[in-house]
Amino acid sequence: MSGRLIFPVVATLCRVDPAATAAMPGYDPEFAELRLVDTDDDGVADVERAELPPIELLCQVEPKAQEQLSMAPAGDVPRSELTLVFHTRQLTARGVYDTSTGRLHLRPGDRLAALRSTAGIPIWVPGEGRGLYLIEAKLGGWGRGRVPRANLVLATFVDRPAARRGG
């Protein structure tokens with residue numbers, strides 16, 4: 001039994017590209033992260049990161065976050081935290097989950113760029129280059145049957161500053 005999502009929405013994810021990010025100005029190899037650097041001489045420190053092309057995935061917004069999400073059209077998400085549920089069947093089809101190794105290709109720092117209804121109506125879209133960032137993705141929903149296997153992924157996204165350290 002593989003289950004299914006209830007009240008699905010479409011999430012746009014921008015996954016970080018670690019190799020390309022490591023080659024960018026301001027990358028600190030000791031901490032393996034970007035630091036604030038003024039790259040365009042405008043007097044304001046910038047943080048740039050390289051991202052893989054955006055992917056769109058069906059997901060379900062966890063009930064505790066649904067109330068916060070319904071308030072989003074009136075302004076920002078109040079707590080700036082969302083938990084989304086993805087189905088491993090779709091993640092596998094999009095190359096984000098490898099069933100043979102059990103490896104999930106979502107990593108902390110991946111950005112949630114938008115949520116839309118399945119009809120394409122915007123539910124939550126932050127400003128350009130902004131979003132909520134993945135802090136944890138874990139397998140769950142082990143299903144039933146002779147050979148239990150994960151069929152859901154719980155992903156928690158939070159708001160965070162563009163960089164954790166100055167330098």
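**Strands, burial and a few contacts**

Looking past its neighbours within four places in sequence, Thr12 makes contact with Pro54, Ile55, Glu56, Arg111, Leu112, Ala113, Ala114 and Arg116. Keep in mind that this is a predicted model. Below is a quick tour of Thr12, the cysteines, the strands around β11 and β5, and a loop residue, Leu52.

**Thr12 and its strand**

- Thr12 sits in strand β1, which covers residues 9-14.
- Thr12 counts as buried because its relative accessibility is 11%, and the cut-off for buried is under 20%.
- Among the contacts of Thr12 are Pro54, Ile55 and Glu56, along with a run that includes Arg111, Leu112, Ala113 and Ala114.

**Cysteines**

- How many disulfides does the structure hold? The count is 0.
- Cys14 has a relative accessibility of 5%, so Cys14 counts as buried.
- Cys59 comes in at 0% relative accessibility, so Cys59 counts as buried too.

**Strand β11 and its partners**

- Why is strand β11 (residues 152-158) described as largely enclosed by the rest of the structure? Because 5 of its 7 residues are buried.
- β11 pairs with strand β5 (residues 81-87) in the antiparallel sense, over 7 bridges.
- Within that pairing, Leu84 is opposite Ala155 of β11, and Phe86 has Val153 of β11 as its bridge partner.
- β11 also pairs with strand β10 (residues 132-140), again antiparallel and over 7 bridges.
- On the β10 side, Lys138 stands opposite Leu154 of β11.
- As a general point, side chains in a regular strand alternate between the two faces of the sheet.

**Strand β5 and β4**

- β5 is mostly covered, with 6 of its 7 residues buried.
- Besides β11, β5 pairs with β4 in the antiparallel sense, here over 2 bridges.
- In the β4 pairing, Gln60 stands opposite Val85 of β5.

**Leu52 in the loop**

- Where is Leu52 found? Leu52 lies in the loop between β3 (33-34) and β4 (55-61).
- Is Leu52 buried or partly exposed? Leu52 counts as partly exposed, because its relative accessibility is 28%.
- Not counting residues up to four places away in sequence, Leu52 touches Arg15, Val16 and Asp17.
- Leu52 and Pro18 are 34 residues apart along the chain, and their C-alpha atoms are separated by 9.3 Å.

Definitions and conventions
Residues are numbered from 1 along each chain as its sequence is written. This is a predicted model: local features need pLDDT of at least 70, side-chain atom pairs count only at pLDDT 80 or more; totals for chains, interfaces and linings use all residues. Side-chain values use heavy atoms; hydrogens and water are left out. Helices (H or I, at least four residues) and strands (E, at least two) are DSSP runs, numbered from the N terminus. Buried means under 20% relative accessible area, exposed over 50%, partly exposed in between (1.4 Å probe, protein chains only). Contact means heavy atoms within 4.5 Å. A disulfide is a pair of cysteine sulfur atoms within 2.5 Å. Two strands pair if DSSP finds at least two bridges between them.
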